[in-house]
Amino acid sequence: MNRPAPLRRLLVSLLLSCAVLVAATACGGGNESKTASSSASPSGTSSAEAQKFAKTRFVANAGLAAGATYQWIVKPYRAGKFKKGADGRTFALVKAGLAGGFAYNRLKAAVVNAKGDPLLSKAVAPLTAGIESLKGLGSKLRNGEAGAGDIGAFESVISGIKDAGKSAGAEVKDKVPSSSQLGG
């Protein structure tokens, strides 16, 4: 009956030795592994696939920017949430500021994506100055300093992006991002 105990000890010690051996080889940084991994190169995509993905990513980024702008900037502004004394004004302003920064970020990403497609790139190129003009509006909204002209600037840039996408065969539809996406 004492026979199974030494067998268990032998099995446990064998398993522990294997675990130590595996851990030691995984942590060791020999030159062979570095040269092997640096010689492997990822396979690229064809230009047709890159263009297809560029349009898709453009539509996704522009749609998120449009959805955030409408949901948390334009709609509350029209409802009077940004006026002094309005119920929930502080929350609406903070949300609008986050949405403004988010929309600016997604519009910049959409412009980068548009560069992957020649037709889309030509359509979006005139809008880059308008997108750059939105850079400080997020903080302006957050501080409650934005006016009708600032809200109109967001609306005109978003409609310009939508029109550019539509003319290039990449129709942009509003996609409202979640609150967690706005916050980072």
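Here are two short exercises on this predicted model, each with a worked solution.

Residues are numbered from 1 along each chain as its sequence is written. Local features need pLDDT of at least 70, side-chain atom pairs count only at pLDDT 80 or more, and totals for linings use all residues, while side-chain values use heavy atoms, leaving out hydrogens and water.

**Exercise 1.** Find which elements give two or more residues to the lining of the largest pocket.

*Solution.* Start with the residues: Q71, W72, K75, P76, A79, K81, D87, G88, F91, A92 and K95 line this pocket. (A pocket is an open set of points on a 1 Å grid where a 1.4 Å probe fits, with protein on both sides within 12 Å along at least five of seven lines; lining residues have an atom within 4 Å of a point.) Next, match them to helices (DSSP runs of H or I, at least four residues): the elements are α3 (47-78) and α4 (89-114). The largest share, four residues, comes from α3.

**Exercise 2.** Work out how α4 and α8 are oriented to each other: roughly parallel or roughly antiparallel?

*Solution.* First, take the axes, which are lines fitted to C-alpha atoms, with angles from 0 to 180 degrees between N-to-C directions. Those of α4 and α8 (residues 148-167) come within 12 Å and cross at roughly 30°. Angles under 35 degrees count as roughly parallel, over 145 as roughly antiparallel. The two helices are therefore roughly parallel. Finally, look at the contact (heavy atoms within 4.5 Å): G100, A103 and L107 of α4 meet F154, V157, I158 and I161 of α8.

Conventions
Angles under 35 degrees count as roughly parallel, over 145 as roughly antiparallel, 65 to 115 as roughly perpendicular and the rest as oblique.
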